[in-house]
Amino acid sequence: MTDNMDIVYVSLEAVVAVLCCLGNLLAIWAVWTSGSLRHPTFCFVASLAGADFLVGILGIPLTVLVDGKVITSFHGCLFLCCSLNMLNQASVLLLLAIAVDRHLRVKIPLRYKRSVTQKRSGAAVALCWLLAFVLGFPPMFGWYNRQTLSEMESSNATTLVCRFVNVIPLSFLAYFQFFGCILLPLLVMWGLYAHLFYTISKRLQKSQSTCSQSHAYYAKERKLAKSLVLVLVLFAMGWLPLCLINSVLAFGVHVPLVVIYVGVFLTQANSAINPIVYAFKVPKLRKAYLQAWRKCTPCCQREVAQSTESKESSSAVRNNRVAKSTEDSCDKLDYSET
């Protein structure tokens, strides 16, 4: 890579890193401080924002370092590269957890609130991170580039210029990570969302003539599902180019270096886009963003406190009236806004 291209690439990565950190930190804070967002789905969304935040604060700097910017031991370089794999895999698994959660909320609405609790959703998040470690670190346990290690041993070298492709074999990136850990979960998620929209469509037709509150419930579920599908589409658009590039390289086809770096940049930029999607497509998160932002501004804190108090009181009265009017006409579904 030329010096000018190197400067442009590192500068763009730095901008994306700042956006990742600020945007996803705001998303985490919004979910944490807003009582109305303390649902299992938003627990998974906050965890996904946490993974994207780690991409900004750790993943992007590591990506720059393992592009020949640091000299380390073979296994030290391998550890840095595997840490990148773990962060990427965590995002995939958390997206899958969100898809499963949405599917369960529509498939078993009467039992969802009892079955999917905050404690169980927290355990699911912990399981996602554990699986991300297991799926991201196989190179540390033997699936590494043995040719590079052999060359170091033959020359009695103890350190090397750390480059991702020098320690991680293309066979791992193409066959294991792409086909097994990214493409397969993506296909499962597409299947879950396709069945979810089919189920919602059927129940909307059925509830249209029986219970208006049930109809509103499934309409909200469809709206939130569309927003989450957009997050999934953007993830696929950000990751599939690099995965396809790795697969092409594994078959010995030459790919220009600038194309590779564009693919890497798209994967990093994806982590900065998700908070923007939340802000524009999820009304409750957008409202929480605005409240969090106003709390950071001292001159607005008093006004926010007064307006929040009045809105909460009026909302409580309105919710009580709605609950009384619909209690006898509809099944006991969880009609809370999502």
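**Exercise 1. Find out which residues line the second largest cavity, and describe the lining.**

*Solution.* Start with the names: Phe42, Val45, Leu224, Leu228, Tyr278, Val282 and Leu285 line the second largest cavity. Keep in mind as you look around that this is a predicted model.

Next, sort these residues by class. The lining has seven nonpolar residues, with no polar and no charged ones.

Then turn to the elements. Helix 2 and helix 9 each supply at least two residues of this lining.

Finally, add the volume, which is about 30 Å³.

**Exercise 2. Follow Tyr278 from the cavity lining into the nonpolar core: which residues does Tyr278 contact, leaving aside its neighbours within four places in sequence?**

*Solution.* Begin with the contacts. With those neighbours left aside, Tyr278 is in contact with Ala27, Val45, Leu48, Val231, Leu285, Arg286 and Tyr289.

Now compare this list with the cavity. Val45 and Leu285, both contacts of Tyr278, also belong to the lining of the second largest cavity.

Move on to the core. The largest nonpolar core has 68 residues, and those that touch the most other members are Phe74, Val167, Ile168, Tyr278 and Leu285. Helix 3, residues 74–107, gives the most to this core, with 15 residues.

**Exercise 3. Work out how many cavities of 30 Å³ or more the structure holds, and describe the largest.**

*Solution.* The count comes to two cavities of 30 Å³ or more. The largest holds about 70 Å³ of space.

Walk around its lining: you will meet Asp52, Val55, Leu87, Asn88, Ser91, Phe235, Trp239, Thr267, Gln268, Asn270 and Ser271. The elements that give two or more residues are helix 2 (40–65), helix 3, helix 9 and helix 10 (257–281). Helix 10 gives the most, with four residues.

As a last step, group the lining by class: four residues are nonpolar, six are polar and one is charged. Set beside this, the lining of the second largest cavity has no polar and no charged residues.

**Exercise 4. Describe the second largest pocket: which residues lie nearest its centre?**

*Solution.* Of the 31 lining residues, the ones nearest the centre are Thr63, Phe164, Val165, Ile260 and Val264. The pocket contains about 700 Å³ of space.

Look next at where the lining comes from. Several elements supply at least two residues each, among them helix 1 (3–33), strand 1 (67–72), helix 7 (164–167) and helix 8 (170–207). The largest share, six residues, comes from helix 10.

To finish, count by class: 17 residues are nonpolar, 10 are polar and four are charged.

**Exercise 5. Decide whether Thr72 is buried or exposed, and do likewise for Tyr217.**

*Solution.* Take Thr72 to begin with, which you will find in strand 1. Its relative accessible area is 18%. The cut-off for buried is under 20%, so Thr72 counts as buried.

What surrounds Thr72? Leaving aside neighbours within four places in sequence, Thr72 is in contact with Cys77, Thr158, Thr159, Leu160 and Cys162.

Now go to Tyr217, in helix 9 (residues 212–250). Tyr217 is buried too, because its relative accessible area is 4%.

One more step places Tyr217 in space. Tyr217 and Leu204 are 13 residues apart in sequence, and their C-alpha atoms lie 9.1 Å apart.

Notes
Residues are numbered from 1 along each chain as its sequence is written. This is a predicted model: local features need pLDDT of at least 70, side-chain atom pairs count only at pLDDT 80 or more; totals for chains, interfaces and linings use all residues. Side-chain values use heavy atoms; hydrogens and water are left out. A nonpolar core is a set of buried Ala, Val, Leu, Ile, Met, Phe, Trp, Tyr and Cys residues joined through side-chain atoms within 4.5 Å. Buried means under 20% relative accessible area, exposed over 50%, partly exposed in between (1.4 Å probe, protein chains only). Contact means heavy atoms within 4.5 Å. On a 1 Å grid over the protein atoms alone, a cavity is a set of points where a 1.4 Å probe fits but cannot get out, and a pocket is an open set with protein on both sides within 12 Å along at least five of seven lines; lining residues have an atom within 4 Å of a point. Grid points are joined across faces, edges and corners, and a volume is the space filled by probe spheres set on the points. Ala, Val, Leu, Ile, Met, Phe, Trp, Tyr, Cys and Pro count as nonpolar, Asp, Glu, Lys and Arg as charged, and the others, Gly among them, as polar.
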